[in-house]
Amino acid sequence: MNYVCTKCNVEKPKELFYAYKENTIKGVSAKCKDCVKKISKEYRKKVGHTKKDAERNKRWRDKNIEHCRIVEAAKRARNPESYKKAMSKWAKNNQAKLRLLRDARRTCIPSWAEIEKINVVYDKSIKYGLEVDHIVPIKNKLVCGLHVWHNLQLLERKLNRSKGNRFWPDMPDQTQLSSAQLQTITA
Ligand SMILES: [Zn+2]
C-alpha cells in the first residue's frame with residue numbers, strides 16, 4: 001500500500017511512514033518518516049534537548065533495555081574504534097564518578113587481601129577476554145562486597161553488564177522487601 005506524504009507530496013510505501021493509531025483510516029502518520037525526522041530535527045535545533053526529552057528517553061530505554069543492549073553491542077562491533085573514543089571521552093567527563101568507583105574498590109581491600117591472587121584473576125581476564133566481576137557487589141546501597149580474590153569471578157562482558165551491581169548470592173527475597181528497599185537494590 002502506498003501513501004502520499006502531505007509534506008513532500010511523494011508517494012511512498014506504507015513502511016516509510018510511522019505507525020499512528022489515531023489515524024484510523026490509514027493507520028500511519030500523514031507525513032513520511034523522512035519528513036517527520038527533518039521536522040523534529042529542525043525543532044530540536046530551535047528548542048534544544050529538554051529535560052522532558054531526557055526523561056522520556058530514559059523511560060523508553062528502561063522499558064526496552066534488552067533491545068538497547070543488542071543495538072549497542074552491534075554498534076560497538078561495527079565500529080570498535082569510535083566506541084573506544086567515546087569511552088575515553090566518557091572517562092574524561094566523568095572523572096569524579098570514576099574516582100568514586102576506584103576509591104570504593106580501594107576501601108574494600110582488607111589488609112589480609114592476597115594481592116597476588118587478585119592479580120592472577122585480572123591476568124586471566126585479559127588472557128581470555130573476560131571481565132572481572134565482584135560476586136557480592138562493592139557498590140550497592142544494601143551490601144558491600146570485598147575486593148578479595150574469592151569475591152571475584154570472570155564473566156563474559158554481556159553477562160557482567162546485565163548483572164550490574166543488582167544481584168548477589170543470598171540477596172534478600174524481593175517479595176519480603178519494602179518498595180523503598182527494592183528501589184535501592186534495583187536503582
Ligand atoms: Zn515526506
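Trainee: How much of the chain counts as buried?
Mentor: Of its 187 residues, 20% count as buried. Keep in mind that this is a predicted model.

Trainee: Okay, and what secondary structure does the chain have?
Mentor: There are 8 helices and 6 strands. Along the sequence they run β-β-β-β-α-α-α-α-α-α-β-β-α-α. The radius of gyration is 23 Å, well over the 16 Å that the globule rule gives for 187 residues, so the chain is more spread out than a compact globule.

Trainee: What box do the C-alpha atoms fill?
Mentor: Roughly 75 × 45 × 30 Å, taken along the principal axes.

Trainee: And the accessible surface, what does that come to?
Mentor: About 14700 Å², with 56% of that belonging to carbon and sulfur atoms.

Trainee: What share of the contacts with a separation of 6 or more comes from residues 24 or more positions apart?
Mentor: Those residues account for 45% of such contacts in the chain.

Trainee: Switching to the metal. Which protein donors does the zinc ion have?
Mentor: Four cysteine sulfurs: the SG atoms of Cys5, Cys8, Cys32 and Cys35, lying 2.2 to 2.3 Å from the zinc ion. In sequence, these donor residues follow the spacing C-x2-C-x23-C-x2-C. Cys8 sits in the loop between β1 and β2, while Cys32 belongs to strand β4 (residues 28–32), so this pair ties together parts that are 24 residues apart in sequence.

Trainee: Why is the arrangement around the zinc ion called tetrahedral?
Mentor: Because the 4 donor atoms subtend angles of 101 to 123°, and four donors count as tetrahedral if all angles lie between 85 and 135 degrees. For reference, the ideal angle for four tetrahedral donors is 109.5 degrees.

Trainee: Are those cysteines buried or exposed, say Cys5, to begin with?
Mentor: Cys5 is buried, at 0% relative accessibility. Cys32 is buried too, with a relative accessible area of 1%. Cys8 counts as partly exposed, at 30%.

Trainee: With sulfurs around, how many disulfides does the structure hold?
Mentor: It holds 0 disulfides.

Trainee: One more thing, about that loop between β1 and β2. Where does Asn9 lie?
Mentor: Right in that loop, between β1 (2–4) and β2 (11–13). Asn9 has a positive phi of about 60°, although it is not a glycine.

Trainee: What phi do most residues other than glycine have?
Mentor: Most of them have a negative phi.

Trainee: And is Asn9 buried or exposed?
Mentor: Asn9 is exposed, with a relative accessible area of 57%. In the same loop you also find Cys8, one of the donors of the zinc ion.

Note on methods:
Residues are numbered from 1 along each chain as its sequence is written. This is a predicted model: local features need pLDDT of at least 70, side-chain atom pairs count only at pLDDT 80 or more; totals for chains, interfaces and linings use all residues. Side-chain values use heavy atoms; hydrogens and water are left out. A disulfide is a pair of cysteine sulfur atoms within 2.5 Å. Buried means under 20% relative accessible area, exposed over 50%, partly exposed in between (1.4 Å probe, protein chains only). Helices (H or I, at least four residues) and strands (E, at least two) are DSSP runs, numbered from the N terminus. Donors are N, O and S atoms within 2.8 Å of the metal (3.2 Å for Na, K and Ca); water is not among the atoms, so sites may look incomplete. Four donors count as tetrahedral if all angles lie between 85 and 135 degrees; four count as square planar and six as octahedral if opposite donors are over 155 degrees apart and all others between 65 and 115; anything else is irregular. The radius of gyration is taken over C-alpha atoms; the globule rule is 2.2 Å times the number of residues to the power 0.38. Contact means heavy atoms within 4.5 Å. Accessible areas come from the Shrake-Rupley method with a 1.4 Å probe; for residues, only the protein chains shown count as cover.
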